[in-house]
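Open the model in your viewer and keep the selection panel at hand. We will go stop by stop: select, look, move on.

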Amino acid sequence: MTDVCVHGLGHVGLPTAAVLAHEGYDVCGFDVDGSRVERIRGDDPAVDGSAELSAFVREALDGSLRVSTDPASAAVHVVCVPTPLADGPEPTADLSMVEAAGRTVADLLRAGDAVVLESTVPPGTTVGPFADALAGSGLAVGDDFRLAYAPETVAPGNVLAELRANDRVVGGVDDASAAAARDLYAGFTDGEVRVAASPTAAEFAKLAQNTYRDVNIALANEFARAAAAYDVDARDTIALANAHPRVDIHSPGPGVGGHCIPVDPWFLAAGADMELVRRARAVNDGMTEYVAELVADALGDRSPDGARVAVCGVAYKPGVADARNSPGRRVGQVLEAGGTDVTYHDPFVAAADVTTHLESALSGADAAAFTTGHGRYAEVDPERAAAAMDGTGAVDAVGVLDRRAWRAAGVDLRVV
Ligand SMILES: NC(=O)C1=CN([C@@H]2O[C@H](COP(=O)(O)OP(=O)(O)OC[C@H]3O[C@@H](n4cnc5c(N)ncnc54)[C@H](O)[C@@H]3O)[C@@H](O)[C@H]2O)C=CC1
Ligand SMILES: CC(=O)N[C@@H]1[C@@H](OP(=O)(O)OP(=O)(O)OC[C@H]2O[C@@H](n3ccc(=O)[nH]c3=O)[C@H](O)[C@@H]2O)O[C@H](C(=O)O)[C@@H](O)[C@@H]1O
């Protein structure tokens, strides 16, 4: 018999399944995507390119983890399926995969089992649409089976460490459900497992974390634009402000990327009047145009139409290969719409139109824009970069360059 069935073997589900297997559970990892299951069985099982995670998963596969396109009945079902944004007049959550997973669980559910939803969802989803899907089992939630929500908080790029280190929040439909979820996570996390008053409270807490970050970044971005108007350096000024023990302003940049921070605030705002949250989204999205304007400015007398610009940084944040909702890509697209010939560079992102060779991206460029704070860019010799480029203008939207050294090398540098 299988102890745990993990539904969805992506960035969250696969490491979770592997950790549970390492803890001694008999784990079935189930995914509807056969190619994903085949890849996990192959040479490089990690979905995020992490060698450490691949090795960890491989060890689990040699032990009590098996992966399959067939779900298995289990004492505990853990659901980690995607929750993207659905198109509409204003973005809302697409819960179709959560509901589909709920129906799959319903077909397997037995009295006494526990079901834990981990996907990031709007408040009310666990006790609403997810519980409705589980009702297909004919069993009564609470009376016959346990149901809880337990959000995931791992940062992409550091999943394995944070899976064990981060505190967890769990919220059950009743005490027994909360206790079942708490015991599951307490088994493998070194952090504290906190019990929320309900699944809805736990859902809200997760969304509040990412929304806080989005709003804070929006403030930093607004400060950056104001600093330019006041002719002071935004990053130096924010660093000075942050010296206060109760101030923690985040960093400005070319906009907020990834598939969580720009998405999750909509899950909260969809069901409530949240003007500040909506405004923060607009401020962060507006950084694309702002950075594109700085690039146009950096071109000087050269018209953007027909100019060649190197956009350095396609990953949504430093040190990862993930280019979902890439701020660099968005800046490039605005420039391309104005007739600019854009060359994309990133040391990690594998895509047909992205070079990993920085010299060739900079060579002959009329201007360069740095849009991801990869460590590689901090090491660029400004003299060599300036010599390779045709133009003298550059934009550092992520604070990765040594401003003084680049200016000393004759580069007309604009910063966010
Ligand atoms: N990626 C991250 O670091 C974090 C993600 N989350 C949340 O966790 C959830 C999952 O995200 P990721 O793992 O990144 O997604 P992912 O896209 O990497 O993987 C999801 C997997 O679920 C599979 N799937 C889809 N429908 C299914 C179904 N009905 N039954 C079984 N498998 C199914 C897909 O084929 C895919 O392999 C989302 O709600 C996300 O917002 C939360 C915190 C961190
Ligand atoms: C509250 C929090 O820190 N949430 C994390 C977040 O991971 P993610 O990698 O998407 O977040 P991130 O590091 O804020 O990056 C998102 C975007 O925001 C930008 N960014 C980030 C920090 C900053 O000061 N300024 C800024 O512009 C980044 O460059 C990136 O484009 O979202 C994850 C998720 O929910 O999936 C969550 O598990 C992670 O712990």
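## Stop 1: where two domains meet

Begin at a boundary: 16 residues of domain 2 touch 14 residues of domain 3. Keep in mind that this is a predicted model. To make the selections, use the domain assignment of the protein chain. Domain 1 covers 2–206. Domain 2 is written in two pieces, 208–216 + 229–285. Domain 3 covers 287–415. Give each domain its own colour.

Now look at the pair as a whole. The C-alpha centres of domain 2 and domain 3 are 23 Å apart. Between them, domain 2 and domain 3 bury about 1200 Å². Of that area, 48% is on carbon and sulfur atoms. Which residues of domain 2 lose the most area to domain 3? Select R235, P254 and G258: together they make up 44% of what the domain 2 side buries.

## Stop 2: bridges across the boundary

Stay at the same place and show side chains. Side chains of opposite charge can pair when their charged atoms come close. The interface of domain 2 and domain 3 has two salt bridges. Select R403 and D233, which form a salt bridge. Their closest N and O atoms are 2.4 Å apart.

Next, turn on polar contacts. Between domain 2 and domain 3, 10 residue pairs are in polar contact, both residues at pLDDT 80 or more. Which helices should you colour on the domain 2 side? Pick α9 (234–241) and α11 (275–285): each supplies at least two residues of the side that touches domain 3. Helix α11 gives the most, with three residues. Sorted by class, this side of domain 2 has six nonpolar, six polar and four charged residues.

## Stop 3: a loop residue in domain 3

Select V398. This residue sits in the loop between β15 (393–396) and α17 (403–408). What does V398 contact, leaving aside its neighbours within four places in sequence? Show R235, P254, F370, T371, T372 and G373. You have met two of these names before: R235 and P254 are among the residues of domain 2 that lose the most area to domain 3.

Now add V141 and zoom out. V398 and V141 are 257 residues apart in sequence. From C-alpha to C-alpha, V398 and V141 are 48 Å apart in space.

## Stop 4: ligand 1

Centre on ligand 1. It has 24 residues around it. H11, V12, D31, T83 and T120 come nearest. Take H11: one of its polar side-chain atoms is 2.6 Å from an oxygen atom of ligand 1. Then take D31: an N or O atom in its side chain lies 2.6 Å from an oxygen atom of the ligand. Finish with H259. Here an N or O atom of the side chain is 3.3 Å from a nitrogen atom of ligand 1.

## Stop 5: ligand 2

Move to ligand 2. How many residues surround it? There are 17, and the closest are V154, K206, R213, C260 and Y316. At V154, show the backbone: a polar backbone atom is 2.6 Å from an oxygen atom of ligand 2. At R213, show the side chain, where an N or O atom lies 2.5 Å from an oxygen atom of the ligand. N210 also has a polar side-chain atom there, 2.7 Å from an oxygen atom of ligand 2.

## Last stop: a long-range pair

Show every salt bridge in the structure; there are 19. Select E90 and R278, which form a salt bridge with closest N and O atoms 2.7 Å apart. E90 is in the loop between β5 (85–86) and β6 (92–93). R278 is in helix α11. This pair links distant parts of the chain, 188 residues apart.

Terms used. Residues numbered from 1 in each chain as written. Chains lettered and ligands numbered in written order. Predicted model: local features only at pLDDT ≥ 70, side-chain atom pairs only at ≥ 80, totals over all residues. Heavy atoms only, no water. Domains from an automatic or database assignment. Contact = heavy atoms within 4.5 Å. Buried area = accessible area lost by both parts, 1.4 Å probe. Salt bridge = Lys/Arg side-chain N within 4 Å of Asp/Glu carboxyl O. Polar contact = N/O pair within 3.5 Å; in protein donor to acceptor, adjacent residues only side chain to side chain. Helix = DSSP H or I, 4+ residues; strand = E, 2+ residues; numbered from the N terminus. Nonpolar A, V, L, I, M, F, W, Y, C, P; charged D, E, K, R; others polar. Near = heavy atom within 4 Å.
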